[in-house]
Amino acid sequence: HEGFAPGLAQAGVRLCVSAGEALPATLRQHWHEASGLPMLDGYGASEVLVLVLSARDGDDGLWPSPGAGIEPLDPQAAAAGEPTRLLVRSPMLALGYLDRPAAMAESFRDGRFCPADLFVRTAGGAWRFAGREDGLVKIKGRWVNLPELEEQLGARLSGLHEAAAACVPDADGVESVVFFFAAAAHDEPALRAALAERIGALPHYQRPARLERVDALPRTPSGKLLRRRLRERSFDAAPLR
């Protein structure tokens, strides 16, 4: 956004790596166009130290990194194209969690690490990040993948700094999706109009009930989205019409 991307290659940078948060495919492509540099997208965890899944431009998903073994926790779900957690075997694996037996049993299974993130197998046999367990919600009886929804609505919108969707109960306690976006105040009217047009093209169960502008999305110190903080907010915005 600041126009610095073209100067990176001139300064000698040869490869960029993204990790810590799922990188939308359109953002990776836009980065490549702006900088001329390839982007390696990776998935890892502190418990395994390294990126155990990785993808380069042109891949249809994330592939096991050299030395890492990946298996679906639910093979039937994976075969049916449904989200599943993964079992990760890595030569660098934590011994466990100190004084947290329940978390230990949940995340460490038979010498493998089982993160709470969800993945879907792609047509080519790779793995596509499908969100954390709070990123897959059921609305009107249908599953909605919030990270995918964020990508559909926010891709390449001029003036949009960042965006996220969260499942929030309405006044009657019924769960609905709210789409939060960070943008300058003077860009808000045009963004709302563009988002409303994209929302209108979605299936009814995927359509956010509200649009909410925020100054910035809540994140951890390492930059990961805190979706639950969005859910905890109080809302004054009127329903989207």
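Which residues of the largest nonpolar core touch the most other members? Keep that question in mind while you open the structure, which is a predicted model, and begin by colouring it by confidence. The mean pLDDT of the protein is 88, and 95% of its residues reach 70 or more. Now select residues 234–241, where pLDDT stays under 50 and for which the model has 17 contacts beyond four places in sequence.

Next, select strands E13, E14 and E15, which form an open sheet in that order, with mixed pairing. Strand E13 (162–169) and strand E15 (210–214) stand at the edges, and because each has a single partner strand, one side of each is left without a neighbour in the sheet. If you look along the sheet, you can follow a twist that averages 30° from one strand to the next. Between E13 and strand E14 (residues 175–182), which run antiparallel, there are eight bridges, and if you pick Glu162 you will find Ala182 of E14 standing opposite.

Keep the sheet on screen and add helix H5 (residues 146–154), which packs on the sheet and touches E13 and E14, its direction making about 130° with that of E13. Then add helix H6 (residues 188–200), which lies across E14 and E15 and runs at about 150° to E15.

Now return to the opening question by showing side chains. The largest nonpolar core has 20 residues, and those touching the most other members are Val144, Leu149, Leu153, Phe179, Phe181 and Leu195. Two or more residues of this core come from each of strand E11 (136–139), H5, E13, E14 and H6. In soluble globular proteins, nonpolar side chains tend to be buried together. Centre the view on Leu149 and, leaving aside its neighbours within four places in sequence, look for its contacts with Val144, Ala165, Val177, Leu202, Gln206 and Pro208. Another core, of 16 residues, lies apart from the one you have just explored, and Val48, Leu62, Phe113 and Phe119 are among its members.

For the last stop, select strands E1, E2, E3 and E4, four strands that form an open sheet in the order E1-E2-E3-E4, again with mixed pairing. Here strand E1 (16–18) and strand E4 (63–64) stand at the edges, each with a single partner strand, so one side of each is left without a neighbour in the sheet. Three bridges join E1 to strand E2 (residues 39–44), and these two strands run parallel. Finish by picking Val17, whose bridge partner in E2 is Leu40.

How values were computed
Residues numbered from 1 in each chain as written. Predicted model: local features only at pLDDT ≥ 70, side-chain atom pairs only at ≥ 80, totals over all residues. Heavy atoms only, no water. pLDDT = per-residue confidence, 0-100. Contact = heavy atoms within 4.5 Å. Pairing = 2+ DSSP bridges. Axes fitted to C-alpha atoms, helices over the stretch in contact; angles between N-to-C directions. Core = buried A, V, L, I, M, F, W, Y, C linked by side-chain atoms within 4.5 Å. Buried < 20%, exposed > 50% of the residue type's maximum accessible area, 1.4 Å probe, protein only.
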